[in-house]
Amino acid sequence: MNPVLRCGRFALALDRPLVMGVVNVTPDSFYDGGRHAAAAAAIAHARQLAAEGADLLDIGGESSRPGAAPVSAEEELARILPVLEGVADIAVPVSVDTVKPEVMRAVLARGAAMINDITALAAPGALGLVAASDAAVCLMHMQGSPRTMQADPTYADVTAEVRDFLAGRAAACTKAGIARDRIVVDPGFGFGKTVEHNLTLLARLGDIAALGFPVLAGWSRKSSLGRITGRAAEERLAGSVAAALIAVQRGARIVRVHDVAATRDALAVLAAVERSG
Ligand code: 9MG
């Protein structure tokens, strides 16, 4: 694996696990006071996550929760752009979570350092847009679409199928001209997977890391943790931190989390143990 991840004007050293902080700008997050208040709250939240030590921020304007309805590119941009502009002075690379080429074009022109695409650049034109930029890309695996993905996820061998899919999409990226050191892969925990599928993938994350690209893992507050612990989303901090640590121990280089400070503390303890051993 390359020692750095190149993303826009940044080169992130991969000699320690990186923490990506989640900044959602969706109606179920900051929308109580209307659009302007939502942007202001999201910017404040992003600054807080950066102050807590986030290595990257991931801004998203369309929910990808199971059953979520799609939004138009115009609506997504109206949510994201004020936030992207409001964090432009922070010395932390900003990723944008989107599947739409129109949104990718607009955010890349405004300095987004990474495109986080839960469909792995499937939309026509998406590959070329990222290739023509200097941004990194996170290629995620999903079976189905957010509307339907949890209806009946089925695999013969979940790890092999996810690994082969990611290998294929990474090959498509390099063929399109995206250098290997701009590519991140992600098994997509919770995206068209049962709790058992998610646990198998976590246990076998090393098979995904063996592809030679940095692996991003996102377990933060997800429903699998609710199924395991019996806890509601807002009570899943301990489970989320545990899953992030396990993911790192099994080969993840980036963890996508809501709780940056707690995750950084846990990773600091892990690093201290590894240094002493
Ligand atoms: C947008 N989003 C929600 N969960 C995610 C995950 O696990 N990985 C990535 N790359 N994006 C996610």
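In this predicted model, the shell of residues around the ligand divides into 5 nonpolar, 3 polar and 4 charged members. The shell is made up of S64, D97, N116, I118, C138, M140, D186, F191, L216, G218, K222 and R256. With the cast introduced, the individual contacts can be taken in turn.

Two side chains and one stretch of backbone offer a good starting point for a look at the ligand's polar atoms. In N116, a polar side-chain atom lies 2.7 Å from a ligand nitrogen. R256 also faces a nitrogen atom of the ligand, with an N or O atom of the R256 side chain at 3.4 Å. For G218 the partner on the protein side is a backbone N or O atom, and this atom lies 3.4 Å from an oxygen atom of the ligand. On its own the ligand has 310 Å² of accessible area, and the protein covers 95% of that area.

The site can next be placed within the protein as a whole. The ligand sits in the largest pocket, whose volume is about 970 Å³. A total of 41 residues line this pocket, and N24, R65, S220, K222 and H258 are the closest to its centre. K222 thus appears both among the residues closest to the pocket centre and among the residues around the ligand. Several elements contribute to the wall: β3 (18-24), α6 (195-203) and α8 (223-229) each provide at least two lining residues. By class, the lining of the largest pocket comprises 13 nonpolar, 17 polar and 11 charged residues.

The second largest pocket has a volume of about 280 Å³. Its lining consists of 13 residues, and R16, P17, L267, A268 and A271 lie nearest the centre. Here α9 (237-249) and α10 (260-276) each supply at least two residues, and α10 gives the most, with 6. The lining of this second largest pocket contains 7 nonpolar, 1 polar and 5 charged residues.

Beyond the open pockets, the enclosed spaces are also worth a visit. A search of the whole structure finds 2 cavities of 30 Å³ or more. The largest cavity holds about 50 Å³ of space and is lined by A217, G218, W219, S220, S240, A243, A244, A247, V255, R256 and V257. The elements giving two or more residues to this lining are α9 and β10 (252-257), with the largest share, 4 residues, coming from α9. Sorted by class, the lining of the largest cavity has 7 nonpolar, 3 polar and 1 charged residues. Two of the names are already familiar from the ligand site: G218 and R256 line the largest cavity and also belong to the residues around the ligand.

The second largest cavity contains about 30 Å³ of space. Its lining is formed by S220, S240, V241, A244, V257, D259 and T263. Once again α9 provides the largest share, here 3 residues. The classes in the lining of the second largest cavity are 3 nonpolar, 3 polar and 1 charged. S220, S240, A244 and V257 are found in this lining as well as in that of the largest cavity. S220 is also one of the residues closest to the centre of the largest pocket, the pocket in which the ligand sits.

Definitions and conventions. Residues are numbered from 1 along each chain as its sequence is written. This is a predicted model: local features need pLDDT of at least 70, side-chain atom pairs count only at pLDDT 80 or more; totals for chains, interfaces and linings use all residues. Side-chain values use heavy atoms; hydrogens and water are left out. A residue is near a molecule or strand if one of its heavy atoms lies within 4 Å of it. A polar contact is a pair of N or O atoms within 3.5 Å; within protein, one must be able to donate a hydrogen and the other to accept it, and residues adjacent in sequence count only if both atoms are side-chain atoms. Accessible areas come from the Shrake-Rupley method with a 1.4 Å probe; for residues, only the protein chains shown count as cover. On a 1 Å grid over the protein atoms alone, a cavity is a set of points where a 1.4 Å probe fits but cannot get out, and a pocket is an open set with protein on both sides within 12 Å along at least five of seven lines; lining residues have an atom within 4 Å of a point. A molecule sits in a cavity or pocket if more than half of its atoms lie within 2 Å of its grid points. Ala, Val, Leu, Ile, Met, Phe, Trp, Tyr, Cys and Pro count as nonpolar, Asp, Glu, Lys and Arg as charged, and the others, Gly among them, as polar. Grid points are joined across faces, edges and corners, and a volume is the space filled by probe spheres set on the points.
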